[in-house]
Amino acid sequence: MNYPVVKGAGYALIQASGMLVHYGTTQTTEGRVNPESEHLQKLPGHLRSFEAAVKYPPNQTYIGNITPDGLSNIPRPWYENPINDADRNGKYGEIMPEDEFIGLMKIVDIFDLVVLEEKFQASVKEKLAAHPILAGINKFENMDKNISAIDEIKKMTDEHLALPLYFEGKLVGCVKKAHEFDDALSAHVMFENLVAKASAVFALKLLLAKSGLDKEDIDYIIECSEEACGDMNQRGGGNFAKSIGEICGCINATGSDTRSFCAGPAHALVEAAALVQAGVYKNVVVLAGGCTAKLGMNSKEHVKKGMPALEDMLGAFAVHIGENDGINPVIRTDAVGRHRIGSGASPQAVMTAIVTDPLDGIGYKITDVDRYAPEMQNPEITEPAGAGDVPQANYKMIAALAVKRGEIAKADMLNTVSSFGMPGFAPTQGHIPSGVPFIGPARDMILSGKINRAMVIGKGSLFLGRLTNLFDGVSFLIEKNPGTIDTGFDKELVRKMIGEAMSDFAKSFSAE
Amino acid sequence: MDLENQARIKELTEKYGKDDLIVVLGGAEAEASGLAAETVSTGDPTFAGPLSGVSLGLKAYHVFELKDQVNADVYDEQISMMEMVLDIDEIVNEVKTYRK
């Protein structure tokens, strides 16, 4: 059987302090409930510089300059142990500052909704024109269009026709609403959707540049963020995927959007693997951009505890799934874990459905998997907010299941956790930490022989949408390629078999 | 504590009264469980939700405290794994604080 393979992964981070302060829902809710809030007054003093964000060890891990194992050797708090010679460019991706990103939002905006102040536009145009991956991107000419004076921008935002954009505390532009009455096309929705689109475009451009995949070879794109694109008659109509592929020049691709809260990427990767294995498409890219609403989600606790506001990063990724090449790690499509509607909602029921059920199906034990990549949230962000160390909690649950199944002794639980666990290093952007940040490192670790297999786990809180109380979870195994390609029908073999059968028949005939 | 849950607990208390009502928590961490217990007894300390400044006086118990009340097979199937994972004493002690 030919399993599909993981051919490459691209990862993008964007520092977005202005968006954190003005559009993170913790801040917008606080502003509504308590406009004189102490938190809102103190928050600007806790923002970090772009340099500090680049030097932050978990961010360097996300773009591939440090391995997850390397991160675990750096003492915490990581924000007090920066990597001083860190680079914004990484093995799998890049960290981008907010001004360049606002420029990229303008480039990807097809409907002239992003308006920038003249000097700001000229300055980011110059920076993006010198960018090794983004120079020459489709629609770069948008950087010459729609230039505006700051007074005009202020007038539009004062009259609630547009949402203001800030860089380093100054108004530099705005996103206009796309329809007079339609709430699904309001300035706020368009802003969030353009951020998701622009950051996913960046991740796809990084994947193309880092992996060598030809943009015209992509057949299908699956977008799996948590935003909704549409209008008042079809609020989530789509299609982010094609809009992203269009900017990146993927002229032979089509695509669609897949949603399941934070489990979206795991669903999308299983779909991509199935499409490739079935021969429907040869090259599928699964991607997602970042989410502004979640910026600074736990910042109240961070500010209270005297920490930097660490949730200032938008995250994005793009993963290429292709046909078996006999080299790259395979996705075991016969070992896909899924939380069934009837599985139950307790953590035990969820973990059994997504971890042990698929392993049982192919005769593996929990300890046969070298690494598990569940929700890889950075613990330095979640612990101060009372949510604990999320990956560690997942590892303990998996180890506890191994104890219950008699695979390990209870006394060995913590050793088992450290053997298959890793520190979380992804920003708390919902769908972004959900297993996918480890695909790049896992591919390298399998190719270099360091590990044989890893399980990627995505979990989603469907109840947040208030249509069901159900939870969600999907998992799949990535495994070392056995090195062979099944070519299907072998003419020579069939010829030989017929020859042998004829010879046997002749022998038996002559014997009579 | 989730703002929607605060609203639901407030509504249930108004409907049934506080005497025959307890809140069962399933939080995975002591601080968050304590925060939830505090919210339903003396009010939302973060002043973010419907229970800001509202003292319902409800008693909250963590599900680990109710082990003897639950069918053993159900407990084993649903909760025994988490018993091995979480710091039960720390969680229970924190939740108890708000019943005094």
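These exercises cover chain B and one helix of chain A in a predicted model. Residues are numbered from 1 along each chain as its sequence is written, and side-chain values use heavy atoms, without hydrogens and water.

**Exercise 1.** Find the order of the elements in chain B.

Solution. Helices (H or I, at least four residues) and strands (E, at least two) are DSSP runs, numbered from the N terminus. Chain B has five helices and two strands. From the N terminus they run α-β-α-β-α-α-α.

**Exercise 2.** Check the radius of gyration of chain B against a compact globule.

Solution. Take the radius over C-alpha atoms; the globule rule is 2.2 Å times the number of residues to the power 0.38. For 100 residues, a compact globule would have a radius near 13 Å. Chain B has 14 Å, which agrees. Its C-alpha trace spans about 40 × 25 × 25 Å along the principal axes.

**Exercise 3.** What share of the residues of chain B is buried?

Solution. Buried means under 20% relative accessible area (1.4 Å probe, protein chains only). Of the 100 residues in chain B, 36% meet this.

**Exercise 4.** Test the length of helix H12(A), then list its buried residues.

Solution. The expected span is 1.5 Å times one less than the number of residues. H12 of chain A has 14 residues (264–277), so it should span 20 Å. Its end C-alpha atoms are 20 Å apart, which agrees. Buried in H12(A) are A:Gly264, A:Pro265, A:Ala266, A:Ala268, A:Leu269, A:Ala272, A:Ala273 and A:Val276. Just after H12(A), A:Gly279 has a positive phi of about 85°.

Definitions and conventions
Chains are lettered from A and ligands numbered from 1 in the order in which they are written. This is a predicted model: local features need pLDDT of at least 70, side-chain atom pairs count only at pLDDT 80 or more; totals for chains, interfaces and linings use all residues. Buried means under 20% relative accessible area, exposed over 50%, partly exposed in between (1.4 Å probe, protein chains only).
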